[in-house]
Amino acid sequence: KPQEANLGSLCQQIRRLGKDWLGMNARSQIFGLILGVVSFLICLSVELDEAYPKANEMLAITLLVSCFWVFEVLPLPITALFPLVLMPFAEVMKSTVAATSY
């Protein structure tokens with residue numbers, strides 16, 4: 001039963017953090033979220049240069065992360081991990097190469 005109590009309190013803490021995060025969102029954070037996602041989608045849909053096929057994906061990732069960073073949409077340590085996840089997912093570079101920067 002102590003494990004169930006710990007699991008319950010962990011779930012309560014996660015819910016509390018979620019409510020705190022949603023309650024703290026300012027208009028600038030919502031603007032940054034929308035701006036980041038829209039710029040990400042626009043960069044993925046427009047081809048900049050045929051010579052560099054992965055340039056669009058990298059620009060999209062850069063704009064998304066920079067909007068999230070500047071407007072602090074998410075905590076900065078979480079935002080800092082976005083390139084580590086998104087670059088291999090978009091096939092810009094392999095995860096081992098991306099992880100060497102971290």
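**Exercise 1. Find which residues N56 touches, leaving aside those up to four places away in sequence, and then describe its surroundings.**

Solution. Leaving out residues up to four places away in sequence, N56 touches C43, V46, E47 and L48. The structure is a predicted model, and every step below refers to that model. Next, place the residue along the chain: N56 is found in helix 3, which covers residues 55-70. Then consider its accessibility: the relative accessible area of N56 is 8%, and because buried means under 20%, N56 counts as buried. Finally, look at one of the touching residues in detail, since L48 also appears at the level of single atoms: a polar atom of the N56 side chain lies 3.1 Å from the backbone nitrogen of L48.

**Exercise 2. Describe how helix 3 and helix 5 pack, and work out whether helix 3 is roughly parallel or roughly antiparallel to helix 5.**

Solution. Begin with the two quantities that describe a pair of packed helices, namely the angle between their axes and the distance between the axes. Helix 3 and helix 5 pack at an angle of about 160°, and their axes are 10 Å apart. Because angles over 145 degrees count as roughly antiparallel, helix 3 is roughly antiparallel to helix 5. The crossing in which helix 3 passes helix 5 is right-handed. Now list the residues that make the contact: helix 3 contributes M58, I61, L64, V65 and F68, while helix 5 contributes F82, P83, L86 and M87. Sorted by class, this contact of helix 3 with helix 5 has 9 nonpolar residues, with no polar and no charged ones.

**Exercise 3. For E72 and for E91, state the phi value and decide whether the residue is exposed or partly exposed.**

Solution. Start with E72, which lies in the loop between helix 3 and helix 4 (76-80). Although E72 is not a glycine, its phi is positive, at about 50°. Its relative accessibility is 47%, so E72 counts as partly exposed. Turn then to E91, which lies in the loop between helix 5 (82-89) and helix 6 (95-99). Phi of E91 is near 60°, again a positive value in a residue other than glycine. With a relative accessibility of 60%, E91 counts as exposed, because the cut-off for exposed is over 50%.

**Exercise 4. Locate V97 and state how far it is from L84, both in sequence and in space.**

Solution. V97 belongs to helix 6, and at 44% relative accessibility V97 counts as partly exposed. Along the sequence, V97 and L84 are 13 residues apart, whereas in space their C-alpha atoms are 9.4 Å apart.

Terms used
Residues numbered from 1 in each chain as written. Predicted model: local features only at pLDDT ≥ 70, side-chain atom pairs only at ≥ 80, totals over all residues. Heavy atoms only, no water. Helix = DSSP H or I, 4+ residues; strand = E, 2+ residues; numbered from the N terminus. Buried < 20%, exposed > 50% of the residue type's maximum accessible area, 1.4 Å probe, protein only. Polar contact = N/O pair within 3.5 Å; in protein donor to acceptor, adjacent residues only side chain to side chain. Contact = heavy atoms within 4.5 Å. Axes fitted to C-alpha atoms, helices over the stretch in contact; angles between N-to-C directions. Parallel < 35°, antiparallel > 145°, perpendicular 65-115°, else oblique. Left-handed = near helix turned anticlockwise from the far one by under 90°. Nonpolar A, V, L, I, M, F, W, Y, C, P; charged D, E, K, R; others polar.
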